[in-house]
6 protein chains.
Amino acid sequence: MNPLTHFDAQGQAHMVDVSAKADTLRVAVAEGCIRMQASTLALVTQGTAGKGDVLGVARIAAIQGTKRTSELIPLCHPLPLSKVAVAFEVQAEPPAIWCRVTAQTVGPTGVEMEALTGVQVGLLTVYDMLKAADKGMTLDGIRLLSKTGGKSGDWQHPDGQRTPA
Amino acid sequence: MNPLTHFDAQGQAHMVDVSAKADTLRVAVAEGCIRMQASTLALVTQGTAGKGDVLGVARIAAIQGTKRTSELIPLCHPLPLSKVAVAFEVQAEPPAIWCRVTAQTVGPTGVEMEALTGVQVGLLTVYDMLKAADKGMTLDGIRLLSKTGGKSGDWQHPDGQRTPA
Amino acid sequence: MNPLTHFDAQGQAHMVDVSAKADTLRVAVAEGCIRMQASTLALVTQGTAGKGDVLGVARIAAIQGTKRTSELIPLCHPLPLSKVAVAFEVQAEPPAIWCRVTAQTVGPTGVEMEALTGVQVGLLTVYDMLKAADKGMTLDGIRLLSKTGGKSGDWQHPDGQRTPA
Amino acid sequence: MNPLTHFDAQGQAHMVDVSAKADTLRVAVAEGCIRMQASTLALVTQGTAGKGDVLGVARIAAIQGTKRTSELIPLCHPLPLSKVAVAFEVQAEPPAIWCRVTAQTVGPTGVEMEALTGVQVGLLTVYDMLKAADKGMTLDGIRLLSKTGGKSGDWQHPDGQRTPA
Amino acid sequence: MNPLTHFDAQGQAHMVDVSAKADTLRVAVAEGCIRMQASTLALVTQGTAGKGDVLGVARIAAIQGTKRTSELIPLCHPLPLSKVAVAFEVQAEPPAIWCRVTAQTVGPTGVEMEALTGVQVGLLTVYDMLKAADKGMTLDGIRLLSKTGGKSGDWQHPDGQRTPA
Amino acid sequence: MNPLTHFDAQGQAHMVDVSAKADTLRVAVAEGCIRMQASTLALVTQGTAGKGDVLGVARIAAIQGTKRTSELIPLCHPLPLSKVAVAFEVQAEPPAIWCRVTAQTVGPTGVEMEALTGVQVGLLTVYDMLKAADKGMTLDGIRLLSKTGGKSGDWQHPDGQRTPA
């Protein structure tokens with residue numbers, strides 16, 4: 001069997017036929033982080049407490065980003081998301097901010113790409129808001145944590161979750 | 001001075017005023033990778049040689065993604081990109097695909113976010129096309145490599161470039 | 001109970017989970033007006049009769065606007081609209097143009113925001129087309145008139161409808 | 001002279017030719033409000049102080065909305081915004097939230113529509129977040145306050161500004 | 001009966017009510033071509049074999065284009081596509097490239113417009129990539145080949161299919 | 001010289017560098033038609049005169065479509081259009097509707113793709129509004145008529161203009 005399902009028998013890219021797949025509840029969770037200097041992280045934690053809510057802005061960007069997934073990823077099916085939640089966690093050492101996105105739909109295809117897109121847009125927005133202080137920040141460890149629903153069943157990343165529960 | 005330029009004196013998010021900044025040539029380069037199992041990487045390298053051009057699809061997605069940056073990142077200024085180039089490099093050990101995006105504009109603001117968005121969308125598209133084979137792939141090391149132009153001048157990441165020249 | 005359903009128990013914004021809600025027919029009607037000088041209104045009524053169909057252009061903009069609701073309003077669920085109708089009414093005294101939008105879907109969430117977005121984009125388009133003659137026009141009285149369907153049941157604005165039947 | 005510049009001599013809609021107009025700094029300010037019950041307003045003021053930052057979310061939506069203006073308003077020219085700022089003011093009596101948006105560009109056309117679109121999207125987002133508590137809220141008094149730059153020169157609304165300075 | 005279903009009894013454009021229509025499998029196939037000089041066509045066939053994959057890029061554009069149909073065509077309903085496939089065929093004499101797009105959904109409305117939009121965006125992308133060599137290329141014969149599903153039943157173009165099977 | 005400028009020396013697609021090109025006035029004109037049965041055409045001409053303004057809706061769609069060109073065509077540069085005009089002509093024999101779009105910008109790249117995209121979206125919208133009466137309509141003869149401005153200078157299609165002056 002060809003494991004590259006996004007290509008047909010002639011090797012041409014296509015949007016896979018999901019017409020005959022049943023609507024089921026699909027849940028996907030993804031996470032990732034942005035690493036930065038301790039002094040940069042301090043700007044965020046001070047901001048959350050008082051002025052300049054970096055993570056509040058990034059949360060909205062992440063939610064909005066999940067809705068644009070099928071416009072960004074060429075072979076993704078458009079789908080109506082039924083839930084999106086975004087959690088940020090500040091890690092003191094080594095200094096980083098973790099982002100975890102949970103996406104849901106009731107439909108014939110999974111929402112893994114939506115969850116991953118949300119993480120990326122959320123972390124990129126953090127980068128944007130802090131880059132005047134620190135251009136060298138790095139996004140790391142962006143990956144799918146789990147998915148449930150659909151014919152292929154449930155799946156969990158073998159390395160487990162790195163974001164604090 | 002407040003290093004969080006995206007917030008005003010009251011701590012409210014705003015799109016920074018660049019009306020008085022001169023138009024100059026701005027260049028930004030960003031990179032990042034997606035790590036995967038060796039058997040997954042083999043699907044890509046076989047595809048590039050024959051059927052199923054994973055990286056060709058991802059390159060188009062990355063270019064298209066750079067154009068959507070200001071829609072995705074709330075406080076980014078919209079700007080007319082004057083060049084976008086995307087390079088992929090296959091790394092055998094540890095198995096990974098690297099993506100490097102160069103973005104340019106002639107204008108009052110930089111294109112760092114556009115280059116980073118291109119890298120992220122390019123790598124996410126690789127993930128999408130390979131996820132039927134390997135859901136556990138991880139995106140790592142996404143960061144700005146360099147920027148030139150503008151009042152703040154040139155900048156290079158102190159850790160240097162990881163993608164093969 | 002927290003009446004701000006768009007925030008979770010920690011006060012963080014999220015897109016509410018509607019995965020378990022049943023698909024039902026949802027209808028929402030919204031209205032609003034743009035007030036202008038009598039001489040400006042005359043330009044519109046002359047246009048509709050002959051050249052320059054201001055309201056025809058605004059109707060298309062309103063319909064197109066309803067489809068962009070979930071891109072504009074951060075916590076709105078994307079949904080497939082099953083009907084959109086736009087009515088304009090010219091009011092001679094005091095001079096104004098009223099816009100009423102009816103939106104429908106069959107799904108787990110309501111279409112109140114879609115109807116309101118349609119009214120706003122329709123009225124803004126009228127403003128745009130007339131602003132060379134009169135920059136001082138004001139948009140007023142934009143509100144939901146009624147909604148039906150869903151668990152919370154039917155609702156009608158206590159003040160009734162201001163647009164002519 | 002035909003005051004409906006958005007229609008040509010045959011009465012057909014077109015996007016007006018601005019090719020020969022000089023690039024100048026353009027500033028536009030618009031305002032408007034959403035009226036609600038006092039008990040609904042209390043939910044917002046409590047949120048700003050602690051959990052559930054309604055106005056923070058609406059501010060991001062307003063900024064993002066200004067960037068979509070030329071997609072929403074058919075005859076608007078696309079333009080690169082050089083600044084967007086959004087201010088919200090809570091008015092106790094009669095209970096309402098005011099929104100004021102300042103938009104800037106350096107170019108051949110004005111940004112009045114961008115400022116007005118920002119006000120509308122900002123107020124609609126407030127509506128969305130509070131509608132579980134109060135569906136009867138009304139958007140009122142949305143209008144241009146001032147514009148500067150361009151051949152037609154400066155303009156101020158004769159009724160003055162209603163939002164608190 | 002008024003055959004212009006996109007207008008109501010008053011002659012006003014609206015998005016037709018499909019709320020009561022059943023979800024069925026809908027399939028539409030469309031085709032069209034771009035005619036060019038033989039020397040221009042040679043650039044494409046050489047590219048496909050080696051460097052510069054014109055048709056690979058156009059295929060991705062066509063797939064992405066189908067997803068934007070309801071944003072482009074004012075009275076189209078937004079719908080979740082369940083399959084999109086794009087085939088290109090090179091015709092030596094007279095020199096042309098044919099594009100055929102198959103679109104599917106499970107829903108209350110057809111996907112004819114999505115298939116046609118895919119053909120157009122695919123062919124336009126071919127034009128864009130070849131226009132440095134030949135600005136005089138012409139797009140021809142863009143039409144619906146067949147549709148199945150829905151109350152109006154199946155339909156095939158009386159002139160048959162021109163693209164090679 | 002490689003005439004496929006959208007591919008680099010390695011044959012990879014890229015967005016061509018226009019950073020060093022001067023801003024000049026660029027004008028492009030494109031045309032095309034949709035062929036239909038005489039009885040279908042009669043529905044349009046009756047509509048224009050009285051109810052159901054098919055061409056008025058299609059004109060707005062064409063203008064809006066030009067603004068989306070760089071989102072649809074992967075290697076197109078985003079650019080600020082400074083003028084868009086759309087003309088429709090009804091041709092009695094053989095029955096067809098012609099569409100001609102003029103696009104302008106002041107910038108470093110041409111607007112040929114914008115003019116062509118406008119023609120296509122305009123004609124597709126006509127198809128959409130008439131397809132309940134006639135699914136067999138065909139889009140034909142879509143091509144660039146002329147372009148002016150830029151280093152490559154002026155160009156006119158050797159076959160001349162088919163739309164009535």
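**Exercise 1. How many salt bridges are there between chain D and chain F?**

Solution. The model is predicted: local features need pLDDT of at least 70, side-chain atom pairs count only at pLDDT 80 or more, and totals for chains, interfaces and linings use all residues. Residues are numbered from 1 along each chain as its sequence is written, chains are lettered from A and ligands numbered from 1 in the order in which they are written, and side-chain values use heavy atoms, with hydrogens and water left out.

Step 1. Fix the criterion: a salt bridge is a side-chain nitrogen of Lys or Arg within 4 Å of a carboxyl oxygen of Asp or Glu.

Step 2. Apply the criterion to chain D and chain F; the count is 1 salt bridge.

Step 3. Identify the pair: Glu71(D) and Arg68(F), with 4.0 Å between the closest N and O atoms.

Step 4. Sort the residues on the side of chain D that touches chain F: 10 are nonpolar, 5 polar and 2 charged. In this sorting, Ala, Val, Leu, Ile, Met, Phe, Trp, Tyr, Cys and Pro count as nonpolar, Asp, Glu, Lys and Arg as charged, and the others, Gly among them, as polar.

**Exercise 2. Describe the contact and the buried area between chain D and chain F.**

Solution.

Step 1. Contact means heavy atoms within 4.5 Å. Chain D contributes 17 residues and chain F contributes 17 residues.

Step 2. The size of an interface is often given as the accessible area lost when the parts come together. Buried area here is the accessible area (1.4 Å probe) that two parts lose on being put together, summed over both.

Step 3. For chain D and chain F this area is about 1300 Å², and carbon and sulfur atoms give 55% of it. Of the area that chain D buries against chain F, 39% comes from Met15(D), Ser19(D) and Glu71(D), more than from any other three residues.

Step 4. Polar contacts (N or O atoms within 3.5 Å; within protein, one must be able to donate a hydrogen and the other to accept it, and residues adjacent in sequence count only if both atoms are side-chain atoms) join 10 residue pairs between chain D and chain F, both residues at pLDDT 80 or more.

**Exercise 3. Give the corresponding description for chain F and chain E, and name the contributing elements.**

Solution.

Step 1. Here 52 residues of chain F touch 52 residues of chain E. About 4500 Å² is buried between the two chains, with 68% on carbon and sulfur atoms.

Step 2. There are 2 salt bridges between chain F and chain E, and 12 residue pairs are in polar contact, both residues at pLDDT 80 or more.

Step 3. Helices (H or I, at least four residues) and strands (E, at least two) are DSSP runs, numbered from the N terminus. On the side of chain F that touches chain E, two or more residues come from each of helix H2 (54-67), helix H3 (69-72), H4 and strand S4 (138-148) of chain F. The largest share, 12 residues, belongs to H4(F).

Step 4. By residue class, this side of chain F has 28 nonpolar, 13 polar and 11 charged residues.

**Exercise 4. Check the length of H4(F), and state how far this helix is covered.**

Solution.

Step 1. The expected span of a helix is 1.5 Å times one less than its number of residues. H4(F) (residues 112-130) has 19 residues and should therefore span 27 Å; the end C-alpha atoms are 28 Å apart, which agrees.

Step 2. Buried means under 20% relative accessible area, exposed over 50%, and partly exposed in between (1.4 Å probe, protein chains only). In H4(F), 19 of 19 residues are buried.

**Exercise 5. Which residues form the salt-bridge network?**

Solution.

Step 1. Take chain F and chain E. Glu71(F) pairs with Arg68(E) at 2.5 Å between the closest N and O atoms, and Arg68(F) pairs with Glu71(E) at 2.4 Å. The latter pair runs from the loop between H2 and H3 of chain F to helix H3 (residues 69-72) of chain E. Both Arg68(F) and Glu71(E) are buried.

Step 2. Within chain D, Glu71(D) and Arg68(D) form a salt bridge (3.2 Å, N to O). Glu71(D) is buried at 15% relative accessible area, and Arg68(D) is buried at 6%.

Step 3. The network links Arg68(A), Glu71(A), Arg68(B), Glu71(B), Arg68(C), Glu71(C), Arg68(D), Glu71(D), Arg68(E), Glu71(E), Arg68(F) and Glu71(F).
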